[in-house]
Structure formats: structure tokens, C-alpha cells
Amino acid sequence: MRILSLPVVLLALSAALAPGAATADDWRREASPYDVERIDAAPKALALAVEAARERGTPADIKEVDALLGPARPVEGEALLGDWRCRTLKLGGNFGGLTIYGWFKCRISIAEGGLYFEKLSGSQRTSGYLRPVYPSNGEGLPERYIYLGAAHYGGDPKSKYGGPANRLRRVGENKDDPGILEALGRNWMRIGFPLPVFESEYDFLELKR
């Protein structure tokens, strides 16, 4: 992955974020069948995870989750770029029902493959590309972005997203980390990770600046 110079960034940004540059289903051709299943199952997985979080989380932590469940707004591509504070919230599963971590560093930039997301600090990290999903009529701003990335631990080399060839589901073998990025405000976003391969039922990565 090569980060582009400023003039090339501006050119690439215009192309990557132009309405009609991607359809609602383009990301499916890049994703593994397992990850398509996970993204499609996101609403059901989130509902079950939120129910578990409400049963086992503290009132203060549940309030933090509720704030992240607000309605999404169209995503302004230029507003994604730059540095972000980010924190992970794990909901449901066998990880205690609700766990909220501290704040770390994340970044969104333009690379050769388009918009590139990185969690830069903390022991559990992830990096990969963001694919825009436009309204069905192909007009206006993207409604959301599909994140096709892979997890790695701090200090280890980055993992590349496995794509359609990756059919592994077992813990420790599948590092692919698909998610759904949505904007809650100009400086506030969420990436939802449905059905992680271990620990929880649904993760959020909250981004603020």
C-alpha cells in the first residue's frame, strides 16, 4: 500500500468519491462469501448484541452504546480524511456482554486502492479499504462505506484483506475484518463489525475528532 502525494490525492479523491463511481453491490465482488454473509446479517446481529449489552452493561456504558445507535447521515468523503480518535466497544458474545476500551489513534487517507483506514495504536489493530455505497439512484453522497480490512496485533506486520479466496472461519486463521462505516455527524462516525470471529457478537469502532 502506497500513500499518494497531495496532487495525486486530490485527483484520486475526485475519482473515488464521484457519484456513480461505485454501485451498492460493487464491494461484494471484493469480499469473501463469509464476509458478505456477515455484512448482510448485521441488523440481526446488532439487535441480539444490543439486547445482551443492555442485560449485562452498566447504565453509563449502555448510554454510550445508545448514542452510537443514532440515525446515520450521508457520508461526505472529504470529511473522512485525516486523523481520528477511536475506541472499540464489544457487545454480546462471551466477552462480558459489554466492554468499552479507551481511546486510540486512527487515520483515513487516500492510497492507490482508494480510501484507506488504519487503527494506528493499541494492541488490536486493523487496516484496509473503504468502498462507497451510493443510493440506489446513483446520485448524491454515499450512504455508507463497506470496510474490507484485516486485523493484526501491534508490532506485527499489517495483514491484507483475503477477499473471495478466503473461506476460513476459524479463530486465529481468519484475520479478515469486514465492517460498515456510517456518519453520525461531520466529526463523529461508527464502524460496525458484525459477527467477529471471536469474543463478541458485534463490535463498534467509534471515531471522533
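Let me start with one contact: the side chain of R38 reaches the backbone oxygen of D176 at 3.3 Å. Please keep in mind throughout that this is a predicted model.

Where does R38 sit? R38 is found in helix α3, a helix that spans residues 33-40. Is R38 buried or exposed? With a relative accessible area of 2%, R38 falls under the 20% cut-off, and therefore counts as buried. As for its surroundings, and leaving aside residues up to four places away in sequence, R38 touches N174, D176, P178, P194, L195, P196 and V197, so that D176 appears both among these neighbours and as the partner whose backbone oxygen the R38 side chain reaches.

R38 has company in its helix, since the buried residues of α3 are Y34, D35, V36, R38 and I39. What covers these buried residues of α3? The cover includes two helices, α2 (26-30) and α4 (42-56), together with the strands β6 (144-153), β7 (179-185) and β8 (188-194).

That brings me to the nonpolar interior. The largest nonpolar core has 23 residues, and W27, L91 and I146 are those with the most contacts inside it. At least two residues of this core are supplied by each of α3, α4, α5 (59-68), β1, β6, β7 and β9 (202-208), while the largest share, five residues, comes from α4. Turning to W27 itself, and again not counting residues up to four places away in sequence, W27 touches V36, I39, R131, V133, I146 and L148; of these, V36 and I39 are also listed with the buried residues of α3, and I146 is one of the residues with the most contacts inside the core. There is, in addition, a second, separate core of 19 residues, which includes W84, A183, F193 and L205.

Finally, the covalent cross-link. How many disulfides does a search of the whole structure find? The search finds one, and this disulfide joins C86 to C106, with an S to S distance of 2.1 Å. The pair links distant parts of the chain, given that C86 lies in strand β1 (residues 82-91) and C106 in strand β3 (residues 104-111), 20 residues apart. The link of C86 and C106 is right-handed, with 85 degrees about the S-S bond, and both cysteines, C86 and C106, are buried.

To return to where I began, then, R38 is a buried residue of helix α3, and its side chain reaches the backbone oxygen of D176.

Key:
Residues are numbered from 1 along each chain as its sequence is written. This is a predicted model: local features need pLDDT of at least 70, side-chain atom pairs count only at pLDDT 80 or more; totals for chains, interfaces and linings use all residues. Side-chain values use heavy atoms; hydrogens and water are left out. Buried means under 20% relative accessible area, exposed over 50%, partly exposed in between (1.4 Å probe, protein chains only). Helices (H or I, at least four residues) and strands (E, at least two) are DSSP runs, numbered from the N terminus. Contact means heavy atoms within 4.5 Å. A polar contact is a pair of N or O atoms within 3.5 Å; within protein, one must be able to donate a hydrogen and the other to accept it, and residues adjacent in sequence count only if both atoms are side-chain atoms. A disulfide is a pair of cysteine sulfur atoms within 2.5 Å. A nonpolar core is a set of buried Ala, Val, Leu, Ile, Met, Phe, Trp, Tyr and Cys residues joined through side-chain atoms within 4.5 Å.
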